[in-house]
Amino acid sequence: MRLRSFVVAATALAALVIGFSPMRVTASVGPIPLNCNRACLEGVIDQYLAALVKHDPRGLPLSEDVIYTENSQVLKVGDGFWKTAEGLGNYKHVFADPEFGQVAMMGTMREAGGPILMSLRLRIELGRITEIESVYFKPGGGGPNNIAAVDAGKAEDIWFKTIPPAQRLSRPEMIAVADAYFSGLQKNDGRGVNGTGTYPFTSDCHRIENGSPTTNVPNVEGPFALDCMGQFKMGYYFVVQAIHNRRYPLVDAERGVVWAHCVFDQGTVNSGTLSDGRAYSYRGFNRPGSILVTEAFLIEGGKIRRVEMIGPAATYHINSPFRSLTGN
């Protein structure tokens with residue numbers, strides 16, 4: 001697959017990917033260093049988590065008008081999960097983008113006596129945290145999931161390899177590859193991204209959703225038995241009718257990772273025809289609903305090798321308060 005076909009649209013839009021509004025910096029707590037590198041950003045995540053389990057945000061370097069969300073609902077910092085967090089979980093996978101002042105993690109936390117999944121993104125401007133975007137998947141959330149498996153495991157070592165600078169893709173190229181995933185998934189028909197006949201996957205691509213593998217699963221029937229390419233070429237994901245509010249606020253160029261937020265709209269179509277001519281139906285996909293998706297893509301040579309996702313069910317066609325590339 002040639003990367004070039006996915007780059008043009010993303011290049012024109014790349015300036016918008018960091019999200020929301022002008023810089024806001026006034027606060028009483030000492031600021032984060034202006035040249036905050038990877039280690040510094042990872043430290044900010046640790047500082048945030050420590051404050052969260054103490055139920056006290058007063059020690060954080062917050063902007064006065066910081067935007068805080070839980071599952072796309074705007075709250076005051078200190079409300080919601082700040083009141084119910086019982087402790088840290090055992091899994092923490094951190095992504096850093098020093099160039100754009102973004103740091104994020106997928107991990108587990110403890111609430112109500114057990115583990116939950118959390119994706120967390122912090123935006124830092126002029127030494128202050130100006131955006132806090134958190135998404136939670138909790139027991140009973142539905143769909144493929146295995147919270148306990150995440151809490152007992154760790155991310156594969158391949159996520160942490162350093163890519164030599166000369167081999168790194170540009171930011172627009174990285175974003176274009178990630179966006180091609182969503183374009184190929186939306187109304188998936190097996191014909192490739194925008195009818196090109198290709199999808200941006202390595203031959204060993206694998207995906208984990210809410211702690212459960214949804215590719216390469218042995219002894220099952222249907223899409224989960226296949227690899228990423230096989231699923232998309234067969235057209236199994238025709239049920240996902242729209243993928244909107246796509247955002248790519250963090251590009252971890254050193255490790256070849258794009259962090260994405262978006263919304264999957266589904267439930268209005270539950271039957272279709274696969275690319276081999278077989279009829280296929282999904283039980284239960286007969287009510288409009290959405291998935292509030294956080295997705296991390298590990299990209300090698302212009303193709304996606306690993307996907308890590310956290311995505312709770314949400315109100316149909318929910319929209320985030322953070323600005324998307326397309327505005328919808």
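**Close-up views of a predicted model**

By class, 5 nonpolar, 4 polar and 2 charged residues make up the lining of the largest cavity. The model shown in every view is predicted.

**View 1. The largest cavity and its lining.** A search of the whole structure turns up 1 cavity of 30 Å³ or more. The largest cavity holds about 50 Å³ of space. Its lining runs from Ser72 through Glu133, Val135, Asn245, Arg247, His261, Cys262, Val263, Leu292 and Val293 to Ser320. Four elements each give two or more residues to this lining: β6 (128–137), β9 (242–252), β10 and β13. β10 gives the most, with 3 residues.

**View 2. Asn245 and Cys262, two residues of the cavity lining.** Both Asn245 and Cys262 line the largest cavity. Asn245 sits in strand β9. Its relative accessibility is 4%, so Asn245 counts as buried. The Asn245 side chain reaches the backbone nitrogen of Ser320 at 3.3 Å. Ser320 is itself among the residues that line the largest cavity. Why is Cys262 buried? Cys262 counts as buried because its relative accessibility is 2%, and the cut-off for buried is under 20%.

**View 3. The largest pocket.** The largest pocket has a volume of about 670 Å³. Its lining comprises 33 residues. Nearest the pocket centre lie Gly143, Pro144, Gln266, Phe285 and Ile291. By class, the lining divides into 18 nonpolar, 11 polar and 4 charged residues. Which elements supply at least two residues each? They are α5 (171–185), β7 (201–209), β10 (257–266) and β13 (289–300). β13 gives the most to this lining, with 3 residues. β10 and β13 also appear among the elements that give two or more residues to the lining of the largest cavity.

**View 4. Ser290 and its partner Asp265.** Ser290 lies in strand β13. Is Ser290 buried or exposed? Ser290 has 3% relative accessibility, so it counts as buried. The side chains of Ser290 and Asp265 are joined by a polar contact of 2.5 Å. Asp265 also belongs to the wider set of residues that Ser290 contacts, once neighbours within four places in sequence are left aside. Val263 and Phe264 are in that set. So are Pro312, Ala313, Ala314, Thr315, Tyr316, His317 and Ile318. One of these contacts, Val263, is also a lining residue of the largest cavity.

**View 5. Asn188 in the loop between α5 and β7.** This view is centred on Asn188, placed in the loop between α5 and β7. Asn188 is buried, because its relative accessible area is 3% and buried means under 20%. A polar contact of 3.4 Å joins the Asn188 side chain to that of Tyr199. Which residues does Asn188 touch, not counting those up to four places away in sequence? They are Tyr199, Gln231, Phe232, Gly235, Tyr236, Tyr237 and Phe238. Val239 lies 51 residues from Asn188 along the chain, and the C-alpha atoms of the two are separated by 7.9 Å.

**View 6. The disulfide of Cys36 and Cys40.** A disulfide is a covalent bond between the sulfur atoms of two cysteines. How many disulfides does a search of the whole structure find? The search finds 2. One is formed by Cys36 and Cys40, with their sulfur atoms 1.9 Å apart. The link of Cys36 and Cys40 is left-handed, with -100° about the S-S bond. Cys36 and Cys40 are both buried.

**View 7. The disulfide of Cys205 and Cys228.** Cys205 is joined to Cys228 by a disulfide, with an S to S distance of 2.2 Å. This pair links distant parts of the chain: Cys205 is in strand β7 and Cys228 is in helix α6 (residues 228–234), 23 residues apart. The link of Cys205 and Cys228 is left-handed, with -70° about the S-S bond. Cys205 and Cys228 are both buried. Strand β7, which holds Cys205, also supplies at least two residues of the lining of the largest pocket. With bonded cysteines counted along the chain, the disulfides of the protein follow the pattern 1-2, 3-4.

Note on methods. Residues are numbered from 1 along each chain as its sequence is written. This is a predicted model: local features need pLDDT of at least 70, side-chain atom pairs count only at pLDDT 80 or more; totals for chains, interfaces and linings use all residues. Side-chain values use heavy atoms; hydrogens and water are left out. On a 1 Å grid over the protein atoms alone, a cavity is a set of points where a 1.4 Å probe fits but cannot get out, and a pocket is an open set with protein on both sides within 12 Å along at least five of seven lines; lining residues have an atom within 4 Å of a point. Grid points are joined across faces, edges and corners, and a volume is the space filled by probe spheres set on the points. Ala, Val, Leu, Ile, Met, Phe, Trp, Tyr, Cys and Pro count as nonpolar, Asp, Glu, Lys and Arg as charged, and the others, Gly among them, as polar. Buried means under 20% relative accessible area, exposed over 50%, partly exposed in between (1.4 Å probe, protein chains only). A polar contact is a pair of N or O atoms within 3.5 Å; within protein, one must be able to donate a hydrogen and the other to accept it, and residues adjacent in sequence count only if both atoms are side-chain atoms. Contact means heavy atoms within 4.5 Å. A disulfide is a pair of cysteine sulfur atoms within 2.5 Å.
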